[in-house]
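Dear colleague,

I am passing on the structure below and would be glad if you kept it open while you read. My notes on its cysteine pairs follow underneath.

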Amino acid sequence: MFASASLTTLLFLLLSQDVSGAPAVSTAVVGRSIPIRRLSPSPQNLTLVAQQAKDQRDLLAVKYGGQSLQQRGTGYNLIVNQRVDTGYYGTIAIGTPPVSFDVILDTGSSDLWLTGSTCGAGCGTSPTYDPAQSSTFQNLSKPFEIQYGSGAAAGYVAEETVQMAGFSVAKQGFGVVNALSSNFNTNPVSGIMGLAWSPLSSTQQMPFWQTLASGGSWDSALFGVQLTRYGNVSGAAENEPGGVIDMGYTNSSLYTGSIEYHNLVGTPQYWEINMNTLTVQGKSIDIAGISTAIIDTGTTNIAGPASAIASIYAQIPGSQAGTGQLQGYYTYPCSTTVDVQFNFGGNTWSMSSADFAHSQVSTTECIGAFFISSIGEGGPSWIIGDAFLKNVYSVFKYSPASVGFAVLSETAIAQNGVKATIPSPTMGVVTVATNTGSASSAVSNGSLSILLYFWLAFTSLAFLFC
């Protein structure tokens, strides 16, 4: 991540805002952001790595398969990097009085959900939400049961006051999970904050970010994300500083030059944009007819069509297609420096060779970050996850609906790999908004199943690295 001095300075500036679990009244701030923390793995063996790879491939099939792809202020929330770039989570506060919970920040889904206090051992050891402790809780009496693989999850939809990065939304719809067939949660994460658009919401509630952006609560109707890298650092801790999510503004200290925006494809649901070209080792990869990409902070790696993935590894001597649990993945010599460049219709964006290496399975062989999507017809062509997003400052804009990328500043780059204490929950000054409407009632009930399966699969694969 950043150099020690830069990190110390940055954390001091960020954490000098209110860092308690719940927001507190204070003087106005120019910007509010949330620190992100990252999870890191212990030494792995091939069996565990293979299982992780299979879980990621399968969860994308469930997450995206069968989907129809059709007062002002600013704030930040510091992020935690979990299990060596496997996932990134931030902090929300929920209820009255407010209680803090850590949630995965996911631009590939639209629902907020937490494990409830009645879930029992199946929900693991993470903190759970107790509605009896809040005076603003309202049960909407809409039960749900979700099938995922060989197990199930069940719960109900409720409304509650939710706070994040100094903003508060009353009557925010969310899911309370009270039954899981297996122990999937990885402490301290208690759920997911979906950051995509309302048509994907299985609870048929407006996402937290969209309420704020559409209601004029932000200075600018957008949020920015910067993620850190620890995959090329030995001895990284279970959780490390993970970057930041900036709400209502872009943090100019974290990028240089201008932000290049790309309009979304069709009606906003996912953060889906056109991808013009992909180059590997100087060779253009044929992506004709398969050139839209969903920008997804909740996915670790990059999924694409089989023909394009095969062409990518054909440019890397010594690559081999995986078998068994590694089916859909490729191994390649770890000693190879892989040059990957994306173009979405403007500048060319490079991806670090360190991010191309997903896992090392032997002294000489690595698993590549690009893998074959098993989503099938009706799903997106490409899912662009954190392996690429660690290389840019990403911006998600409400109107016009678009995704932007900017070059990381030296300040941002210096945060990579710095071993430091993870940030405290950063809530900021409270600006109040009300969720006044539900999302479209035309949303399929299957969306919640997709989101929950995704989270359960994520925590399952994360558990493999404990």
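Does cysteine 334 count as buried, exposed or partly exposed, and at what relative accessibility? Before the answer, please bear in mind that this is a predicted model. Cysteine 334 has a relative accessibility of 25%, and because buried residues must fall under 20% and exposed ones over 50%, cysteine 334 is classed as partly exposed.

The partner of cysteine 334 is cysteine 366, with which it forms a disulfide whose sulfur atoms lie 2.1 Å apart. Cysteine 366 has a relative accessible area of 5% and is therefore buried. The link between cysteine 334 and cysteine 366 is right-handed, with 115° about the S-S bond. Since cysteine 334 sits in the loop between strand S19 (330–333) and strand S20 (340–343), while cysteine 366 belongs to strand S23 (residues 365–368), this pair ties together parts that are 32 residues apart in sequence.

A search of the whole structure gives 2 disulfides, and the other one joins cysteine 119 to cysteine 123, where the sulfur atoms are 1.6 Å apart. Here the angle about the S-S bond is 70°, and the link of cysteine 119 and cysteine 123 is likewise right-handed. Both cysteine 119 and cysteine 123 are buried.

As for the connectivity, when the bonded cysteines of the chain are numbered in sequence order, the pairing reads 1-2, 3-4.

With best regards

Key
Residues are numbered from 1 along each chain as its sequence is written. This is a predicted model: local features need pLDDT of at least 70, side-chain atom pairs count only at pLDDT 80 or more; totals for chains, interfaces and linings use all residues. Side-chain values use heavy atoms; hydrogens and water are left out. A disulfide is a pair of cysteine sulfur atoms within 2.5 Å. Buried means under 20% relative accessible area, exposed over 50%, partly exposed in between (1.4 Å probe, protein chains only). Helices (H or I, at least four residues) and strands (E, at least two) are DSSP runs, numbered from the N terminus.
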